[in-house]
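Trainee: Hi, have you got a few minutes to go through a model with me? I'd like to get my bearings before I set anything up.

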Amino acid sequence: MKYVMFICTPVGGPELSPEELAEHPDFTSYIDEVRSSGVVKGGARLRPSTDATTVRVQGDEVLLSDGPFVESKEYVAGFDIVEVADLDEAIALASKHPAALGGGSVEVRPVWD
């Protein structure tokens with residue numbers, strides 16, 4: 001089954017660039033282990049939520065606002081698409097993710113095929 005793992009970071013926490021993540025030992029260890037297993041099918045690091053633009057439509061009017069669509073204590077900082085046997089395996093991967101271990105969280109959601 002395919003799952004998306006939404007990597008969530010606390011608002012106000014450190015915002016590491018892709019280059020900084022590539023040099024961070026916790027992330028490099030996790031990435032090396034997961035990528036070498038062949039379960040990762042895609043993913044991306046996202047820019048901070050402050051760079052987001054939210055789009056809403058009311059009638060014929062398109063409304064834009066700066067920032068994320070909702071105020072929260074965490075924001076989605078990236079995502080991985082993984083293909084594993086079942087939810088238990090996806091949860092096992094998420095529980096090893098440095099974001100989950102470092103004060104953030106990882107939301108695991110199945111993908112419709």
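Mentor: Sure, let's take the overall layout and then the details. Keep in mind that this is a predicted model.

Trainee: Okay, how many helices and strands are in the chain?
Mentor: The chain has four helices and six strands. Read from the N terminus, the elements go β-α-α-β-β-β-β-α-α-β.

Trainee: And roughly what box do the C-alpha atoms fill?
Mentor: Along the principal axes, the box is roughly 50 × 35 × 20 Å. Of the 113 residues in the chain, 25% are buried.

Trainee: What share of the contacts with a separation of 6 or more comes from residues 24 or more positions apart?
Mentor: Such residues account for 75% of those contacts.

Trainee: Let's do the sheet. What order do the strands of the open four-stranded sheet have?
Mentor: The order is E2-E5-E1-E6, and the pairing is antiparallel. E2 (40–45) and E6 (105–110) are the edge strands; each has a single partner, so one side of each has no neighbour in the sheet. On average, neighbouring strands there are turned by 20° against each other, ignoring direction.

Trainee: How many bridges link E2 and E5?
Mentor: Five bridges, with E5 covering residues 74–83. If you want a spot to look at, Ala44 sits opposite Phe79 in E5.

Trainee: Which strands does H3 lie across?
Mentor: H3 lies across E1, E5 and E6, and runs at about 30° to E1.

Trainee: On to the inside. Which residues touch the most other members of the largest nonpolar core?
Mentor: That core has 13 residues, and the ones touching the most other members are Met5, Val39, Val82, Val84 and Leu93. Strand E1 (2–10), helix H2 (25–37) and helix H3 (87–96) each supply at least two residues of the core.

Trainee: Let me pick Val82. What is Val82 in contact with, leaving aside neighbours within four places in sequence?
Mentor: Its contacts are Met1, Lys2, Tyr3, Met5, Val39, Val40, Lys41 and Leu93. Met5, Val39 and Leu93 were also in the group I just named for the core.

Trainee: I also had my eye on Thr9. Is Thr9 buried or exposed?
Mentor: Thr9, in strand E1, has a relative accessible area of 15%. The cut-off for buried is under 20%, so Thr9 counts as buried. Leaving out neighbours within four places in sequence, Thr9 is in contact with Pro14, Lys73, Glu74, Tyr75 and Ala77.

Trainee: Changing topic: what volume does the largest pocket have?
Mentor: About 710 Å³. There are 31 lining residues, and the closest to the pocket centre are Ile7, Leu21, Phe27, Arg45 and His97. E1, helix H1 (18–23), H2, E2, E5 and helix H4 (98–101) each give two or more residues to the lining.

Trainee: Which element gives the largest share of that lining?
Mentor: H2 does, with six residues.

Trainee: Last thing, E3 and E4. How do they pair?
Mentor: E3 (residues 53–58) and E4 are antiparallel, over six bridges. Arg56 stands opposite Leu63 in E4. Two residues lie between the strands of this hairpin, and Gly59 has a positive phi near 65°.

Trainee: And how many of the six residues of E4 are buried?
Mentor: Zero. E4 covers residues 61–66, and with none of the six buried, it lies largely in the open.

Methods: Residues numbered from 1 in each chain as written. Predicted model: local features only at pLDDT ≥ 70, side-chain atom pairs only at ≥ 80, totals over all residues. Heavy atoms only, no water. Core = buried A, V, L, I, M, F, W, Y, C linked by side-chain atoms within 4.5 Å. Buried < 20%, exposed > 50% of the residue type's maximum accessible area, 1.4 Å probe, protein only. Contact = heavy atoms within 4.5 Å. Pairing = 2+ DSSP bridges. Axes fitted to C-alpha atoms, helices over the stretch in contact; angles between N-to-C directions. 1 Å grid on protein atoms, 1.4 Å probe; cavity = no way out; pocket = protein on both sides within 12 Å on 5 of 7 lines; lining within 4 Å. Points joined across faces, edges and corners; volume = space filled by probe spheres on them.
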